[in-house]
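Biologist: Please pick one part of this model and take me through it closely. I am new to reading structures, so keep the steps short.

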Amino acid sequence: MFRRFLRTDDDVSALVMRLTLGVVFFPHGAQKALGWFGGPGASATIQGFAKMGLPPVVTVLIMAAELGGSLLLILGLLTRLAAFGIGCVMAGALFLVHAKVGFFMNWAGMQKGEGYEYHILALGLAIAVLIKGGGALSVDRALTRDDRGTVAMPAVPRM
């Protein structure tokens, strides 16, 4: 069962999707959890999300999904689990925060908050990765491929 969860083919498009999602989410997770890239860090993120009504345990799961999930995606390790976590974060953000703002991002500064177009793109990408798996150059592929250099023994003729 676990092997089936990791199984993926040598698909380059899955590699591109996985790396795109991982590279985009790494800075978001690092902002929240580590305070990198001008972010608030873990304690301030927990406090800020508490003001929105989210319990600390949910905020920790969000940070783990974004930071840990992005690293797993970049490596292609437990790819489907990482994509599921990021997909859940995006669905939650879409429905709990951004749906009320509207579709478009706030490029011109004319609306109160950011719309959900980015969240739909990220959610769609997460679902695609969830379906395809890690693809080419993933640890998942290395762990589950059947052609790991094993040499078949020649058949012994029966007498």
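**A pocket and the helices around it**

Modeller: Let us take the largest pocket. Helix α5 gives the largest share of its lining, nine residues. Keep in mind that this is a predicted model.

How much space lies in the largest pocket? About 560 Å³. The lining has 24 residues, and five of them are the closest to the centre: Phe-49, Glu-66, Val-89, Met-90 and Ala-93. Four helices each give two or more residues to the lining: α2 (12-34), α4 (56-75), α5 (79-98) and α6. Now sort the lining by class. There are 16 nonpolar residues, five polar ones and three charged ones.

Next, see how two of these helices meet. The axes of α4 and α5 come within 8 Å. They cross at roughly 145 degrees. The crossing of α4 past α5 is left-handed. Which residues of α4 meet α5? They are Ile-62, Ala-65, Glu-66, Gly-69, Ser-70, Leu-72 and Leu-73. From α5 come Thr-79, Ala-82, Ala-83, Gly-85, Ile-86 and Val-89. By class, this contact has eight nonpolar, four polar and one charged residues. Two of these names should be familiar. Glu-66 and Val-89 meet in the list of residues closest to the pocket centre, and both also belong to the contact of α4 with α5.

Stay with Ser-70, in helix α4. Is Ser-70 buried or exposed? Its relative accessible area is 0%, which is under the 20% cut-off, so Ser-70 counts as buried. Now look at its contacts, setting aside residues up to four places away in sequence. Ser-70 touches Gly-22, Phe-25, Phe-26, Ala-65 and Ile-86. Ile-86 is one of the α5 residues in the contact between the two helices. Gly-22, Phe-25 and Phe-26 fall in the range 12-34, that of α2.

Not every residue of α5 is hidden. Leu-81 is also in α5. At 46% relative accessibility it lies between the 20% and 50% limits, so Leu-81 counts as partly exposed. Leu-81 and Pro-55 are 26 residues apart in sequence, and their C-alpha atoms are 22 Å apart in space.

Turn to helix α6, another helix of the pocket lining. Leu-125 lies in α6, which covers residues 117-132. Its relative accessible area is 21%, over the 20% limit for buried, so Leu-125 counts as partly exposed. Leaving aside neighbours within four places in sequence, Leu-125 is in contact with Met-17, Thr-20 and Leu-21. Those three numbers fall within 12-34, the range of α2. Distance along the chain can mislead you here. Ala-14 is 111 residues from Leu-125 along the chain, but their C-alpha atoms are separated by 9.9 Å.

Now step away to the two ends of the numbering. Arg-7 lies in the loop between α1 (2-6) and α2. At 45% relative accessibility, Arg-7 is partly exposed. Beyond the residues up to four places away, Arg-7 touches Arg-80 and Thr-144. Compare Ala-93, one of the residues closest to the pocket centre. Arg-7 and Ala-93 are 29 Å apart, C-alpha to C-alpha, and 86 residues apart in sequence.

Thr-144 is the partner to follow. Thr-144 lies in helix α7. At 6% relative accessibility, under the 20% cut-off, it counts as buried. With the same neighbours left out, Thr-144 touches Arg-3, Leu-6, Arg-7 and Thr-8. From Thr-144 to Ser-70 is 21 Å, C-alpha to C-alpha, with the two 74 residues apart in sequence.

Last, check the backbone in two loops. Most residues other than glycine have a negative phi. Phe-37 has a positive phi, near 55 degrees. It sits in the loop between α2 and α3 (42-51). Its relative accessible area is 52%, over the 50% limit, so Phe-37 counts as exposed. Leu-137 also has a positive phi near 55 degrees. Its place is the loop between α6 and α7 (139-144). Leu-137 is exposed too, with a relative accessible area of 71%.

Definitions and conventions
Residues numbered from 1 in each chain as written. Predicted model: local features only at pLDDT ≥ 70, side-chain atom pairs only at ≥ 80, totals over all residues. Heavy atoms only, no water. Buried < 20%, exposed > 50% of the residue type's maximum accessible area, 1.4 Å probe, protein only. Contact = heavy atoms within 4.5 Å. 1 Å grid on protein atoms, 1.4 Å probe; cavity = no way out; pocket = protein on both sides within 12 Å on 5 of 7 lines; lining within 4 Å. Points joined across faces, edges and corners; volume = space filled by probe spheres on them. Nonpolar A, V, L, I, M, F, W, Y, C, P; charged D, E, K, R; others polar. Axes fitted to C-alpha atoms, helices over the stretch in contact; angles between N-to-C directions. Left-handed = near helix turned anticlockwise from the far one by under 90°.
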